[in-house]
Amino acid sequence: MYRKTYALIDCDILKENIKNIKDNYKYKYYIGVVKANAYGHGDYIVNSLIEGGINYLAASSLEECLNIRKRNKEIPILCLEKIDSDYLDICEKENITITITDMKCFKELDLNKNIKAHIKIDSGMNRLGFKDKNEVKEVYDNLKNSNIKLEGIYTHFGTSGMWDKHYDEAIEKFKEITSLIDLNTIPIVHLSRSLTLVTHPKIDFATGVRLGIVMYGFDQNMKEPEGLRLIKRNRYLKKYNISPISYTNNLKLKTAFSIHSTIMCTKYVKKGEYVGYGAKYTAKEDIKIAIIPIGFADGINKNSSNLTVKINNKEYPIIGEIGMDMITVKIDESIKTKDKVIIFDDVKKRAKELNLSAYCLLTSITNRVPRVYKEKEKYTEIKY
Ligand SMILES: Cc1ncc(COP(=O)(O)O)c(C=O)c1O
């Protein structure tokens with residue numbers, strides 16, 4: 001690494017998170033969702049996730065699945081998107097499990113291929129998945145006489161169901177759409193994602209769960225509603241007969257992701273001089289500034305102006321416009337060139353400050369930023 005700007009990922013924390021989730025929620029299959037470069041953490045982490053107890057992985061596209069396969073030859077990987085039937089040979093060779101998303105997708109399959117498949121059910125979100133129970137039955141029956149092994153069936157919840165009836169309705173829809181087949185013959189039945197896992201009681205017929213954001217350290221604990229909000233909520237629950245939910249859980253998770261850099265140079269700015277593009281910041285007094293080599297091309301959000309970075313354990317404000325490659329920070333006399341900078345190490349706080357979800361913040365850090373992995377005090381640098 002020549003430019004000392006990088007993301008640091010603590011693999012030991014990720015392992016502990018998974019152990020903690022497994023202690024609290026009992027399933028046979030824990031499917032680690034590692035799409036979008038493992039939520040920005042990088043594919044390198046997959047072996048740590050497996051060590052922590054993940055026994056299946058899932059990613060969006062075939063490209064993503066094949067990148068993950070390079071990291072581990074054994075772990076089953078589910079492709080969540082529809083794969084063009086031209087690429088089934090690759091799936092067969094690389095042990096990628098396909099998702100059968102609809103009848104057209106099924107009709108295009110070569111039933112002689114030795115691959116595993118999961119059927120996707122559309123339980124209300126109107127993205128991928130079957131909505132018709134007769135079609136599901138047709139696929140189920142036809143797969144029995146084929147080389148394709150029906151290993152799983154799943155759906156994705158469009159809402160958390162904490163404030164609406166869609167979660168309960170989705171479970172009912174899933175039951176209805178799968179009512180003509182025997183779910184007990186399908187090894188992996190997986191419905192929940194992070195938030196629905198921790199806020200609702202276990203779905204009795206589910207054998208697996210897809211762990212995304214929770215695995216990366218976001219416990220999803222929430223404040224219990226109070227006062228008027230609580231009264232409104234209880235009325236709503238009663239009216240729609242919504243199943244019980246929990247706002248808090250016993251998970252003790254930590255985030256494992258932080259962004260670091262080093263001061264490239266410092267300089268003095270006189271009262272009345274401006275800093276950066278558009279002259280958006282004018283010094284109200286003589287100040288000292290630091291130039292730090294990270295910018296919006298690295299994924300630093302343009303709205304980060306006025307947020308702070310940490311240098312020698314003290315917070316200093318970012319001033320002026322965020323550039324493509326550089327940011328400017330107002331410092332004091334104690335700070336000098338080559339001092340280390342933490343751009344952020346509290347993802348939840350930074351996401352909140354930027355009014356973004358943690359998903360958006362993590363996946364917006366670009367591949368220009370090398371990832372450095374810490375595992376048992378050993379550091380490994382990867383450039384994606
Ligand atoms: C189909 C599917 N399952 C699971 C997940 C994981 O979601 P979460 O990170 O909320 O657990 C995603 C993420 O978007 C998804 O698209």
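# Exercises on a predicted model: a helix face, pockets and cavities

In α7, the residues V136, V139, Y140 and L143 are buried. The structure is a predicted model, and the exercises below begin with this helix.

**Exercise 1.** Determine on which side of α7 the buried residues lie, and identify what they pack against.

*Solution.*
Step 1. Locate the helix: α7 runs over residues 133–144 and has 12 residues. From its first C-alpha to its last it reaches 17 Å, close to the 16 Å expected at 1.5 Å a residue.
Step 2. Recall the geometry. An α-helix has 3.6 residues a turn, so residues three or four places apart point the same way.
Step 3. Apply this to the buried set, V136, V139, Y140 and L143. They cover an arc of only 100° around the axis, which means that they lie on the same side of α7.
Step 4. Find the partners. The buried residues of α7 pack against three strands and two helices by label: β5 (96–100), β6 (116–121) and β7 (149–155), together with α6 (103–107) and α8 (166–177).

**Exercise 2.** Describe the largest pocket by its volume, its lining and the elements that contribute to it.

*Solution.*
Step 1. The volume of the largest pocket is about 470 Å³.
Step 2. Its lining consists of 21 residues, of which V33, K35, L80, R127 and H156 are the closest to the centre.
Step 3. Two or more lining residues come from each of α2 (35–39), α9 (194–199), β9 (208–211) and α12 (358–364). Helix α2 gives the largest share, 3 residues.
Step 4. By class, the lining of the largest pocket comprises 10 nonpolar, 5 polar and 6 charged residues.

**Exercise 3.** State which helix gives the largest share of the lining of the second largest pocket, and characterise that lining.

*Solution.*
Step 1. The second largest pocket holds about 380 Å³ of space.
Step 2. It is lined by 15 residues, and those closest to its centre are F218, Q220, K348, S357 and A358.
Step 3. Both α11 (347–353) and α12 supply at least two lining residues. The largest share, 3 residues, belongs to α11.
Step 4. The lining of the second largest pocket divides into 8 nonpolar, 3 polar and 4 charged residues.
Step 5. Compare the element lists: α12 gives two or more residues to the lining of the largest pocket, and α12 also supplies at least two to that of the second largest pocket.

**Exercise 4.** Identify the residues that line the largest and the second largest cavity, and sort each lining by class.

*Solution.*
Step 1. Count the cavities: the structure holds 4 of 30 Å³ or more.
Step 2. The largest cavity has about 60 Å³ of space. Its lining is formed by G299, I300, N301, S304, I318, I343, F344, R350, L354, L361 and I365. These divide into 7 nonpolar, 3 polar and 1 charged residues.
Step 3. The second largest cavity has a volume of about 50 Å³. K120, I121, D122, S123, M125, N126, R127, L128, T155 and H156 form its lining, with 3 nonpolar, 4 polar and 3 charged residues.
Step 4. Relate cavity to pocket: R127 and H156 line the second largest cavity, and R127 and H156 are also among the residues closest to the centre of the largest pocket.

**Exercise 5.** Place these features in the whole protein by giving its elements, its span and its share of buried residues.

*Solution.*
Step 1. The protein has 12 helices and 20 strands.
Step 2. Its C-alpha trace spans about 80 × 55 × 40 Å along the principal axes.
Step 3. Of the 384 residues, 53% are buried, that is, under 20% relative accessible area.
Step 4. Among contacts between residues at least 6 apart in sequence, 68% join residues at least 24 apart.

Note on methods:
Residues numbered from 1 in each chain as written. Predicted model: local features only at pLDDT ≥ 70, side-chain atom pairs only at ≥ 80, totals over all residues. Heavy atoms only, no water. 1 Å grid on protein atoms, 1.4 Å probe; cavity = no way out; pocket = protein on both sides within 12 Å on 5 of 7 lines; lining within 4 Å. Points joined across faces, edges and corners; volume = space filled by probe spheres on them. Helix = DSSP H or I, 4+ residues; strand = E, 2+ residues; numbered from the N terminus. Nonpolar A, V, L, I, M, F, W, Y, C, P; charged D, E, K, R; others polar. Expected span 1.5 Å × (residues − 1). Buried < 20%, exposed > 50% of the residue type's maximum accessible area, 1.4 Å probe, protein only. Arc of directions from axis to C-beta. Contact = heavy atoms within 4.5 Å.
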